Amino acid sequence: MSHHLELTYLKLLPEQIKEHIMKVRNKNEKLLSQEIKKYIGKSGYTAPDDSIIFDAIVSLSLGKNVLLKGPTGSGKTKLAELLSNLMFQPMYSINCSVDLDAEALLGYKTITYNKANQAEIQFVSGPVEKAMKQGHLLYIDEINTAKAETLPILNGVLDYRKMVLNPFTSETIYAKEGFGVIAAINEGYIGTTPLNEALKNRFVIIDVPYIQGEALFEMLKEQSEQKDEQLLKQFVRLSRDLTSKVEEGQISDEGASIRSLLDACDLSVYMPAKRAITRAISSKLDDERERISIENIAATLFTSS
Ligand SMILES: Nc1ncnc2c1ncn2[C@@H]1O[C@H](COP(=O)(O)OP(=O)(O)O)[C@@H](O)[C@H]1O
Ligand SMILES: [Mg+2]
């Protein structure tokens with residue numbers, strides 16, 4: 001996205017919010033080192049409607065935690081990066097999984113050697129501590145995949161106290177002004193793991209659906225290797241058909257992933273579209289009937305290729 005578009009987003013914001021953001025932006029532009037500026041996200045998200053970006057920015061500016069909820073490949077990570085970009089705030093990421101532990105969140109101890117070659121124990125800050133101490137953003141991806149025992153560490157971080165006791169250093173960490181949390185959860189149309197209620201309660205929820213129609217076409221034009229507009233329009237139709245199959249419960253969520261669609265578009269520069277769709281979309285599904293269903297849709301849309 002161009003600098004121009006970025007400013008357009010900011011112009012749409014209520015006066016107080018805009019003032020707050022401009023203050024943070026100006027301060028960060030001046031004071032942050034080049035090294036830390038690398039943690040500021042890129043602006044490549046296309047929104048299905050304006051309220052998504054607007055509401056997320058307003059919530060973050062008010063110091064609220066934002067939970068992006070949507071199926072895989074709907075652009076949640078891209079949206080979080082855009083928010084970091086618009087606010088000009090560095091963002092530290094955590095990728096949750098069952099292996100996630102307190103050290104992955106807060107940091108760990110390690111041995112280093114000083115100039116006299118003596119061993120010293122040093123604490124290396126994790127993403128939670130870094131974001132809190134510097135007043136930056138924290139992105140927690142796939143928060144619902146973390147073990148139930150690990151997440152309570154975040155309770156204090158996520159409520160009004162915005163503090164956490166680091167058990168490794170016995171230090172109590174308080175969030176500096178500007179600290180904000182964006183989390184993402186893969187919650188699709190059917191059969192997805194719900195997030196613990198107590199945790200969900202601490203967030204403002206923003207639904208992030210797959211983009212469709214004109215917005216999808218524009219995004220593909222911008223991001224795909226495939227530049228043939230006729231073909232891209234066919235891929236937009238394919239996406240529409242796949243999304244309705246997902247909504248009807250006939251194929252699983254991943255079938256409509258925009259990430260996979262983008263892969264198929266890219267491959268179609270070098271191979272027939274139908275084969276590209278097999279490689280990038282249908283082969284990913286476990287169920288043979290689902291795969292056949294996608295192949296059939298592809299066959300009707302891409303007859304000659
Ligand atoms: N709304 C969107 N705007 C821009 N790019 C998108 C959008 N939706 C999907 N994409 C593309 O699909 C890929 C997956 O998006 P990502 O943000 O990683 O999805 P998620 O985090 O929801 O799984 C991105 O790399 C991007 O190229
Ligand atoms: Mg993601």
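This is a short talk on one chain, its two domains, its ligand shell, a helix pair and one buried alanine.

One caution before the details. The model is predicted.

Let's start with the domains. The assignment gives domain 1, covering 3-96 + 131-152 + 173-207, and domain 2, covering 213-301. Note that domain 1 is written as three stretches of the chain, joined by plus signs. Take the centres over C-alpha atoms, and they sit 28 Å apart. How many residues does each domain put into the contact? Domain 1 supplies ten residues, and domain 2 supplies 13 residues. Now look at the domain 1 side by class. Four of its residues there are nonpolar and six are polar. Charged residues are absent from that side.

Next, ligand 1. Its shell holds 18 residues. Which of them come nearest? Those are Gly75, Lys76, Thr77, Lys78 and Ile258. Three elements give two or more residues each to this shell: α5 (76-87), α10 (213-223) and α12 (258-267). By class, the shell counts six nonpolar, nine polar and three charged residues. Both domains take part. Domain 1 and domain 2 each give at least three residues to the shell around ligand 1.

Now a helix pair. Helix α11 spans residues 229-247, and helix α14 spans residues 288-301. Their axes are 10 Å apart, and the packing angle is about 150°. Is the crossing left-handed or right-handed? It is right-handed, as α11 passes α14. From α11, the contact uses Gln234, Arg237, Leu238, Asp241, Leu242 and Lys245. From α14, it uses Ser293, Ile294, Ile297, Ala298 and Leu301. Sorted by class, the contact between α11 and α14 has six nonpolar, two polar and three charged residues.

Last stop, Ala175. Where does Ala175 sit in the chain? It lies in the loop between β7 (171-174) and β8 (180-186). Why do I call Ala175 buried? Because 23 other C-beta atoms lie within 10 Å, and the cut-off for buried is 20 or more. Then there are its contacts. Leaving out residues up to four places away in sequence, Ala175 touches Met132, Gly135, Lys162 and Met163. Take Gly135 from that list. Ala175 and Gly135 are 40 residues apart in sequence, yet 6.3 Å apart in space, C-alpha to C-alpha.

To recap the ligand: domain 1 and domain 2 both contribute to the shell around ligand 1, with at least three residues each.

Notes: Residues numbered from 1 in each chain as written. Chains lettered and ligands numbered in written order. Predicted model: local features only at pLDDT ≥ 70, side-chain atom pairs only at ≥ 80, totals over all residues. Helix = DSSP H or I, 4+ residues; strand = E, 2+ residues; numbered from the N terminus. Buried ≥ 20, exposed ≤ 12 C-beta atoms within 10 Å, placed from the backbone. Contact = placed C-beta atoms within 7 Å. Near = placed C-beta within 6 Å. Nonpolar A, V, L, I, M, F, W, Y, C, P; charged D, E, K, R; others polar. Domains from an automatic or database assignment. Axes fitted to C-alpha atoms, helices over the stretch in contact; angles between N-to-C directions. Left-handed = near helix turned anticlockwise from the far one by under 90°.
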